[in-house]
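Student: Please take a close look with me at one part of this structure, and then follow the thread from there into its surroundings. I would like the reasoning spelled out slowly, since I am new to reading models of this kind.

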Amino acid sequence: MSHCEEPAGLLIESLTLSPALWSGAMSFADGAGHREEMLKLSRMATWHGVSHDHGSGRIVLGEDGEAVVQWSLADPVDQRVAVRAQVEVARMHHATGAQEISTFHFTPRRWRAGEDFDGYLDELRGVPEEEYTAYTAQQMSSSRMGADPADLGRRRPRPAARPARRLGGDASALPTAPGVNPMITLMALAELTAQHMIDPR
């Protein structure tokens, strides 16, 4: 699916979530309910929406001196894409015969077979921005690689031409999030960086 919310879109992927990640991401009401939901994992199919965010965040030092990522779903385009992702993933689950559908909203948003599905979709469309759980497996674009802040590193110098602390062999060197899994891109970037470290010419 692309450009479903002009000028943006999303990619729906199936994924495998570990029990630890699932436990931390699902909504929590009480211990007994949480345990009941965790026991369903072996019978669950998991999909999520991947998108390129249009807003921005920043990385600051916390009180303990460690890096803290600050980002919110404040951009209106990002909000529309997030809502569309929830609705489309729910529709896919429903079309394949799911008996129960749940989300990663902070407050439980759940549909069960026999309940009003259109009403459930309307509920998802009305979830406020602060209720969304946004996550990333690859933190990107946290290190400007170009000399000019306005350039965003599009014409950045070769990695070996910069001080060692600015070498760009990981996702921090990407000018922006690509909206797809960046694994192959990062492998190529790491190889390019290694080549320039061996031969900086």
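## From one strand residue to the helices

Tutor: Let us begin with Val69, which counts as exposed because its relative accessibility is 58%, and the cut-off for that word is over 50%. Bear in mind throughout that what you see is a predicted model. Val69 is found in strand β4, which covers residues 67–70. If you set aside the neighbours within four places in sequence, Val69 is in contact with Arg58 and Ile59. Ile59 lies ten residues away along the chain, and yet the C-alpha atoms of Ile59 and Val69 are separated by 4.6 Å.

Before going further, it helps to ask how confident the predictor is. The protein averages a pLDDT of 81, and 83% of the residues score at least 70. Of the elements, helix α4 (residues 117–125) has the highest confidence, at 96, while helix α1 (residues 19–25) has the lowest, at a mean of 83. Residues 153–166 need caution, since pLDDT stays under 50 there. The model does have 24 contacts for this stretch beyond four places in sequence.

From strand β4 we can move on to helix α3, which spans residues 76–95 and holds both Arg84 and Glu88. The side chains of these two residues meet in a salt bridge, with 2.8 Å from N to O. They are four residues apart, about one turn of the helix. The general reason this spacing matters is that an α-helix has 3.6 residues a turn, so residues three or four places apart point the same way. It is also true in general that side chains of opposite charge can pair when their charged atoms come close. Glu88 has a second partner in Arg91, and here the closest N and O atoms are 2.7 Å apart. Arg91 and Glu88 likewise both lie in helix α3, with a spacing of three residues, again about one turn. How accessible are these residues? Glu88 is buried, because its relative accessible area is 11% and buried means under 20%. Arg84, with 25%, is partly exposed, and Arg91, with 43%, is partly exposed as well.

By the same rule, the count for the structure comes to ten salt bridges. One of them has a different layout along the chain: Glu123 pairs with Arg109, and their closest N and O atoms are 3.4 Å apart. This pair links distant parts of the chain, for Glu123 is in helix α4, whereas Arg109 is in the loop between β5 (100–102) and β6 (110–112), 14 residues away. Glu123 is partly exposed, with a relative accessible area of 32%, whereas Arg109 is buried, at 15%. There is also a network, in which salt bridges that share partners join Glu37, Lys40, Glu100, Arg110 and Arg112.

Helix α4 brings us to the aromatic rings, of which a search of the whole structure finds three pairs. One of these pairs is Trp111 with Phe117, an edge-to-face arrangement with 5.5 Å from centre to centre and 80 degrees between the planes. Phe117 also pairs with Tyr120, but these two rings are tilted, at 6.3 Å centre to centre and with 35 degrees between the planes. Phe117 and Tyr120 both lie in helix α4, three residues apart, which is about one turn. Taken together, the ring pairs link Trp111, Phe117 and Tyr120 into a cluster. Are its members buried or exposed? Trp111 counts as buried, at 4% relative accessibility. Phe117 is buried with a relative accessible area of 11%, and Tyr120 is buried too.

Finally, helix α5 lets us see how burial can be arranged around a single helix. It covers residues 183–198, 16 residues in number, and reaches 23 Å from its first C-alpha to its last, close to the 22 Å expected at 1.5 Å a residue. In α5, the residues Leu186, Leu189, Thr193 and His196 are buried. They cover an arc of only 90 degrees around the axis, and therefore they sit on the same side of α5. The face turned away from that buried side carries the exposed residues Ile184, Met187 and Ile198.

Conventions
Residues numbered from 1 in each chain as written. Heavy atoms only, no water. Helix = DSSP H or I, 4+ residues; strand = E, 2+ residues; numbered from the N terminus. Expected span 1.5 Å × (residues − 1). Buried < 20%, exposed > 50% of the residue type's maximum accessible area, 1.4 Å probe, protein only. Arc of directions from axis to C-beta. pLDDT = per-residue confidence, 0-100. Contact = heavy atoms within 4.5 Å. Phe/Tyr/Trp six-rings, centres within 6.5 Å; stacked < 30°, edge-to-face > 60°. Salt bridge = Lys/Arg side-chain N within 4 Å of Asp/Glu carboxyl O.
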